[in-house]
Every structure is written in structure tokens, then in C-alpha cells.
Amino acid sequence: MNQGWAELDGNGHYWPAQPPAIPPSYYAMPDDPLVSPSYEGWWARAGALAKKIWKPALKLNAVALLPLLALTVPANVLLTTEQREIQAAALNQTDPPDVSMLSGFMTAIGWLLAATLVATLVSAVVTSATVRLVVLAATGQPVSLREALRTALRRGPAVIGWQILGGFLSVLALLACFLPILYVGAALMILPVVVTIERGVGIGRSFSLFHADIGASLARIGSIWAVTIGASLVLAGIGTALELTIGGTPGAVVSSLWSGLYYLVAGIYITPLLVTAYADMRARREPFSTAYLTPQAEQPAA
């Protein structure tokens with residue numbers, strides 16, 4: 001038996017047979033739940049998927065938010081306290097800030113950076129779980145939080161590892177210039193989605209998908225950035241107003257808790273935008289549709 005090889009030259013030499021045709025269901029159709037041919041379709045698909053996953057996604061992000069607040073709220077309060085002491089000492093010409101005061105301020109900054117780092121890593125795992133929720137909804141499977149958590153635990157280490165490498169790359173881009181950090185940041189936006197859905201790939205795959213149709217990629221990532229920055233500015237403005245109105249440590253606590261609202265909203269709406277952006281980028285690089293993500297899907301021959 002030649003086991004799938006075809007004898008083409010008649011001289012006893014076997015050559016690879018022609019690969020089987022890709023089933024029609026593997027090509028994105030106009031009604032594909034993930035892949036869209038237009039910018040408007042991308043928005044519509046992300047919104048439809050967000051409606052399907054918002055309840056389990058809200059539960060997931062709310063549970064994850066509790067330990068994150070337990071880390072970030074005390075760090076923010078400590079930094080706010082140290083900052084006020086330095087400001088008061090700076091205004092008091094007879095008792096200017098000393099070395100111990102500055103040391104306390106730098107320690108507070110260190111604690112806040114550490115808390116932010118931990119929060120970022122936890123958020124990466126939560127994003128992986130939310131990606132799985134979106135895939136379940138898109139493929140018509142039950143939107144199971146348990147299944148999403150299993151995927152997050154299985155793919156979480158890879159997501160965290162690639163996120164750390166992506167962070168180092170972003171720092172290098174920032175040191176180089178302003179424009180490179182924008183480029184690197186845009187290309188790495190879909191990195192958690194790539195690592196969650198595909199195995200054995202990471203930063204290089206994110207860049208290759210981003211470059212498949214640079215115009216479509218920039219339109220989608222730019223829109224996500226606009227929504228994210230706009231929401232962050234609104235919430236930050238309200239948080240600052242609350243902090244100034246309430247004042248003192250209670251104001252810093254309320255401001256930090258208010259900022260947690262962004263985490264809940266972003267977990268529900270930003271992730272579907274990222275997953276559908278990933279699907280659009282991938283479909284512009286290679287044959288791809290939602291059918292590739294179904295449990296029954298068999299990878300077509302290349």
C-alpha cells in the first residue's frame with residue numbers, strides 16, 4: 001500500500017497525492033458568527049457575542065476582581081498617603097521632605113507596580129477564559145463557565161508567558177521611540193486570543209496576522225483603543241471627582257473601587273471585539289471560519 005501517496009510517474013516512484021479539497025463549511029460565509037467582510041459587520045458580530053456571554057463573563061470578572069482589589073486598593077491608599085505627606089512637607093519650608101519620606105514614597109510606588117503586575121497576569125488568565133466563552137457562543141455550544149475555566153487553566157501558563165515576553169518587547173519599543181510602541185502594542189493586542197486558540201504560536205503569529213490586511217487590522221485595533229481610552233478617561237475623571245469630594249483615605253478607596261467598574265465592563269465587551277478582530281485578521285491571511293473552532297472540526301490538509 002502506498003498509504004495516501006499517488007504513483008504519478010509510472011516508474012515506481014511515489015509522489016504526494018493532491019490534498020483533499022477544503023469542505024465548503026471551512027470558508028467564511030456572509031453569516032459567519034466570527035468572520036466579517038466589513039468594519040460594520042465586525043462591530044455587529046462582537047455586539048451579538050457580547051450579549052450571549054455577558055452573564056458568565058460578568059460572574060468570571062467579578063470573582064477575579066475581588067483579589068485584584070485586595071491588592072490594588074491598599075497599594076493605592078499607601079501611595080496616596082505618601083504623596084500627600086510629601087506635598088505637605090514641600091509646602092512647609094521649615095520642614096522639607098527628607099530621605100526617609102522619599103524612601104517611603106518610592107516604596108509605595110514599588111508596591112503599586114507589583115500589585116499592577118499581579119493584576120495584569122491574573123487579567124491575562126481571565127481574558128483567556130473569556131475568549132473561550134466567546135468561542136463557545138460563536139460555535140453554538142453551551143456557554144459554560146466551567147469549560148471556560150478549564151481552558152484558562154490549561155492555556156493560562158502559555159498566555160502569561162507570552163504576555164511577559166510581549167511586555168519586554170513593548171518596553172524595548174518604548175525605549176526606541178513613540179511610534180514603535182504604538183506599532184508593537186497594536187500587533188500584540190490579539191496575543192491572548194492567539195495563544196488561547198492556537199497552540200505552539202505566540203508573538204510571531206500575532207504580527208503575521210496583523211500584517212495580513214494592515215488597513216483592516218488598524219481599523220479594528222484603533223477602534224478598540226479608542227473605546228478603551230475613552231472609557232478609561234471617563235471613569236478616571238469620575239473617580240478623581242469622587243476622591244476629591246470624599247477626601248482622605250475613604251476617597252482613595254472609593255476611587256479605586258470605582259475604577260474596578262472598568263475591569264468588569266471591559267471583560268464583557270472588549271474581549272468579543274478582540275476575538276472577532278482575530279478572526280477577521282486570520283481569514284484575510286488563510287482559509288478560516290468559525291467551523292475551524294468547532295469540536296468536530298478536522299484540520300484541513302495544507
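The protein exposes about 16,300 Å², and carbon and sulfur atoms supply 69% of that area. The model behind these values is a predicted one. Of the 302 residues, 40% count as buried. The secondary structure comes to eight helices and two strands, and along the sequence the pattern reads β-β-α-α-α-α-α-α-α-α, with the two strands up front and the helices after them. Contacts reach well along the chain, too: taking those with a separation of 6 or more, 69% are between residues 24 or more positions apart.

On the annotation side, the unreviewed UniProt entry places the feature "transmembrane region" at residues 60-79, 108-135, 156-175, 181-197, 218-241 and 261-279. Two of these spans can be looked at in the model. Residues 108-135 are 100% helix and 0% strand, with the end C-alpha atoms 40 Å apart. Residues 218-241 likewise come out as 100% helix and 0% strand, and here the end C-alpha atoms lie 34 Å apart.

The spot with plenty to unpack is Glu 198. This residue sits in the loop between helix H5 (191-197) and helix H6. Is Glu 198 buried or exposed? Its relative accessible area is just 11%, and because the cut-off for buried is under 20%, Glu 198 counts as buried. Leaving aside residues up to four places away in sequence, Glu 198 touches Arg 155, Arg 205, Leu 209, Tyr 278 and Arg 282. Two of these neighbours make polar contacts with the Glu 198 side chain: the side chain of Tyr 278 at 2.6 Å, and the side chain of Arg 205 at 2.9 Å.

The Arg 205 pairing also qualifies as a salt bridge, with the N to O distance at 2.9 Å. Arg 205 is itself buried, at a relative accessible area of 14%. Side chains of opposite charge can pair when their charged atoms come close. A second arginine joins in: Arg 282 forms a salt bridge with Glu 198, the closest N and O atoms being 3.7 Å apart. Arg 282 belongs to helix H8 (residues 248-285) while Glu 198 is in the H5–H6 loop, so this pair ties together parts that are 84 residues apart in sequence. Arg 282 is buried as well, with a relative accessible area of 9%. Through shared partners, the salt bridges link Glu 198, Arg 205, Arg 282 and Glu 286 into one network.

Right next door in sequence, helix H6 (residues 203-212) is mostly covered, with seven of its ten residues buried. The buried set is Ile 203, Arg 205, Ser 206, Phe 207, Ser 208, Leu 209 and Phe 210. Two of those, Arg 205 and Leu 209, also turn up among the residues that Glu 198 touches.

How many salt bridges does the model hold in total? The count comes to eight. One of them lies away from the Glu 198 loop, where the side chains of Arg 132 and Glu 147 meet at 3.4 Å, N to O. Arg 132 lies in helix H2 (residues 99-138) and Glu 147 in helix H3 (residues 145-176), so the bridge ties together parts that are 15 residues apart in sequence. Arg 132 is buried, with a relative accessible area of 18%.

Helix H3 is also home to Arg 154. Unlike the buried arginines above, Arg 154 is partly exposed, with a relative accessible area of 47%. The C-alpha atoms of Arg 154 and Ala 129 are separated by 10.0 Å, although the two residues are 25 apart along the chain.

Finally, the surface. Tyr 39, Trp 43 and Val 227 form a nonpolar patch there, with about 240 Å² of accessible area together. Tyr 39 lies in helix H1 (residues 39-91). With a relative accessible area of 31%, Tyr 39 is partly exposed; patch members need over 30%, so Tyr 39 clears that cut-off.

Key:
Residues numbered from 1 in each chain as written. Predicted model: local features only at pLDDT ≥ 70, side-chain atom pairs only at ≥ 80, totals over all residues. Heavy atoms only, no water. Buried < 20%, exposed > 50% of the residue type's maximum accessible area, 1.4 Å probe, protein only. Helix = DSSP H or I, 4+ residues; strand = E, 2+ residues; numbered from the N terminus. Polar contact = N/O pair within 3.5 Å; in protein donor to acceptor, adjacent residues only side chain to side chain. Contact = heavy atoms within 4.5 Å. Patch = residues over 30% accessible without salt bridge, like charges linked within 9 Å, V, L, I, M, F, W, Y side chains within 5 Å. Areas by Shrake-Rupley, 256 points an atom, 1.4 Å probe, with all protein chains shown as cover. Salt bridge = Lys/Arg side-chain N within 4 Å of Asp/Glu carboxyl O. UniProt positions renumbered as here; feature names shortened; annotations may be inferred.
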